[in-house]
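Hi everyone, thanks for coming. Could you bring the sequence and the model up on the screen while I find my notes?

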Amino acid sequence: MGKVLIIGAGGVGTVVAHKMASLPEVFTEIMLASRTKNKCDAIANKIGNNRVQTAQVDADNVPELVELINSYKPDIVVNVALPYQDLTIMDACLETKTAYLDTANYEPIDEAKFEYKWQWAYQDRYKEAGITAILGCGFDPGVTSIYTAYAAKHHFDEIQYLDIVDCNGGDHGKAFATNFNPEINIREVTQKGKYWENGQWVETEPHEIHKPLNYPNIGDRESYVIYHEELESLVKNYPSIKRARFWMTFGQEYLTHLRVIQNIGMAGIEPIMYEGKEIVPIQFLKAVLPNPGDLGENYTGETSIGCRIKGLKDGQEKTYYVYNNCKHQDAFNETGTQGVSYTTGVPATIGAMMYLQGIWKKPGVFNVEEFDPDPFMEQLNKLGLPWHELHNVDLEL
Ligand code: NDP
C-alpha cells in the first residue's frame, strides 16, 4: 500500500520498525534512517528478511533530509528522532510534498519549553501544498487525545473535566533510569506544573500537587500534576473543558535522584567548559545513564495510561474512564524494548497506517483528536494496545 521513511533509531524507532515490518500489506517498503547508521542496521538485521532498508541522515540538516526523501520517495515520514528535529523534518516534508507524522511537539534545544505554536505555524503552508502533518501520535500525546475524541464522539455531549493519568507500575531494576530519551524526559518532569482551569492556565511549582490514585491491576500510586503537551491542543479543540490536568506517577527513589541531579547542576541545558571542550551537562548525563531502549530485558510490571472524564450526556452528569495496561515483558518479547517505547511506537505505526489507508488524510497540520478516532481505536485492539472502559465510576478526582 505505501512506502514509509522512519527517522530515529532509538527505543521508539525500534518498535515502529518491528510493527511496520509485521504489516506488509500496509507498509510495503520501509526505510529506517538515523544519525548513527549502525543502530539502524542492528534493528534491520534483527527484523530480517531484508524488510527494512537503512540510511544515515542528520535530521538537523534540511538539504540532507530533502536529498534522502527525494531519493527514497516515501509516502510518509515518521519522525521518532527528538523533538528538536521536528521543524527541520517538517521543512523537508514541505519542500518534497511528503506527509509527516511525529510523537512529540517541537522544543528549542536551548529552552526547556514545549508548545505547539511553532508547528501550528505550518498550517497554511501544508494546506497550500496539499500535504498532511499528523502531530503527537504516540501514547501521550496520541492515544490519550484519541481517547478524548472517542469519548466526545460516543459518550458525552459536553466534556467538562479531563484528567489524563499516566502510571508506570514497572520495575527495571536500575537505581535510576528514564523510560525514554533522558534529556527530553528530565526536561519535561523538572519544569513547573501547569493545568487548565476556567479558561486559563494555572502554574504550580514542580510536583506541587499530588495524591494517590488507584490504577487497574497496579493499585495505589502517588501521582503528580505535571504539564503535558496534549493539554494545549485538547482545551483548544474541546472548549467545553472547564479543567484539564495531566497526572504522572513517580516513585520516591526516582524523585530523590532527580532532586540530586538538579541540585548538583547535572540537569543544566546551558553549555559549560570542561577541559577546554564545551559540554552540556544534561547531554553528558544522558551518556552515563542506562539507554532506555536497553531496559526491557529485566523490566517487570506494567504501565497504565488513560483518561478520566466527567461531563454531560443527555442532560445527565456522567463519568467515564478509558485506559490501556501494557506489560513491559510482553513488549520486550515482541520487539526487544520496554513498554514505554512500545506504547509510543504502536500508535505511531497506526497513525501512519491511517494515513496510507486514506482515512486520516487531509491537507494541513492536525493534532490527532481532529481525525475520526474509531478506526484508530479498532487498530489499537488488534495491534497490541487493547483498551478498556468503565462507566459512572468514582474517578477519585
Ligand atoms: P532515543 O533517544 O532512544 O532515540 C532517538 C533517536 O533519534 C536516536 O536513534 C538518535 O540517534 C536519533 N537522533 C537524534 N538526533 C538526530 C539527528 N539530528 N539526526 C538523526 N537522528 C537523530 O529516544 P526515544 O526513542 O525514547 O524517543 C523518540 C521520540 O519519541 C522522542 O521525540 C520522544 O520525545 C518521543 N516520545 C513520545 C512519547 C509519547 O507518548 N508521545 C513517549 C516517549 C517518547 P543516535 O542514536 O545517534 O543518538
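I'll talk through the ligand shell, two helix pairs and a handful of single residues.

Before anything else, please keep in mind that this is a predicted model.

Let's start with the ligand. Which residues are closest to the ligand? They are Gly10, Val12, Ala59, Gly138 and Phe180, out of 34 residues that surround it. Two elements, α1 and α13, give two or more residues each to that shell. Sorted by class, the shell has 15 nonpolar residues, 14 polar ones and five charged ones.

Those two helices also pack against each other, so to speak on their own account, and here is how. Helix α1 covers residues 11-21 and helix α13 covers residues 339-356, and their axes lie 8 Å apart at an angle of about 50°. That angle makes α1 oblique to α13, and the crossing is right-handed. If you want to find the contact on screen, look on the α1 side for Gly11, Val12, Thr14, Val15, Val16, Lys19 and Met20. Their partners in α13 are Ser341, Tyr342, Thr344, Gly345, Val346, Ala348 and Thr349. The residues of this contact divide into seven nonpolar, six polar and one charged. Val12 is worth a second look: this residue is among the closest to the ligand and also takes part in the contact with α13.

Now for the second helix pair, α3 and α4. How do their axes cross? They come within 9 Å and cross at roughly 45°, which makes α3 oblique to α4. This crossing is right-handed. From α3 we have Val62, Leu65, Val66, Ile69 and Asn70, and they meet Thr88, Ile89, Asp91, Ala92, Glu95 and Thr96 in α4. By class, that gives six nonpolar, three polar and two charged residues.

Let's stay in this region for some backbone geometry. Most residues other than glycine have a negative phi, and most peptide bonds are trans. Lys73 has a positive phi of about 55°, and it sits in the loop between α3 and β4. Lys97 likewise has a positive phi, near 55°, and is found in the loop between α4 and β5. Are these lysines buried or exposed? Lys73 counts as exposed, because it has 11 C-beta neighbours inside 10 Å and the cut-off for exposed is 12 or fewer. Lys97 has 11 such neighbours as well, so it also counts as exposed.

On to the peptide bonds. The one from Asp140 to Pro141 is cis, with omega near 10°. You'll find Pro141 in the loop between β6 and α7.

Two more residues before I stop. Lys318 lies in strand β16, residues 316-327. With 15 other C-beta atoms within 10 Å, Lys318 is partly exposed. Leaving out residues up to four places away in sequence, Lys318 touches Gly311, Lys313 and Asn392. Its C-alpha atom is 7.7 Å from that of His391, although 73 residues separate the two along the chain.

The other one is Gln283, in helix α11, residues 281-288. Gln283 is partly exposed too, with 14 C-beta neighbours inside 10 Å. Its C-alpha atom and that of Ile269, 14 residues apart along the chain, are separated by 7.9 Å.

That's my tour, and I'm happy to go back to any view you'd like.

Technical notes
Residues are numbered from 1 along each chain as its sequence is written. This is a predicted model: local features need pLDDT of at least 70, side-chain atom pairs count only at pLDDT 80 or more; totals for chains, interfaces and linings use all residues. Axes are lines fitted to C-alpha atoms, for helices over the stretch in contact, and angles run from 0 to 180 degrees between N-to-C directions. Helices (H or I, at least four residues) and strands (E, at least two) are DSSP runs, numbered from the N terminus. Angles under 35 degrees count as roughly parallel, over 145 as roughly antiparallel, 65 to 115 as roughly perpendicular and the rest as oblique. A crossing is left-handed if the near helix is turned anticlockwise from the far one by less than a right angle, and right-handed if clockwise. Two residues are in contact if their C-beta atoms, placed from the backbone, lie within 7 Å. Ala, Val, Leu, Ile, Met, Phe, Trp, Tyr, Cys and Pro count as nonpolar, Asp, Glu, Lys and Arg as charged, and the others, Gly among them, as polar. A residue is buried if 20 or more other C-beta atoms lie within 10 Å of its own, exposed if 12 or fewer, and partly exposed in between; C-beta atoms are placed from the backbone. A residue is near a molecule or strand if its C-beta atom, placed from the backbone, lies within 6 Å of it.
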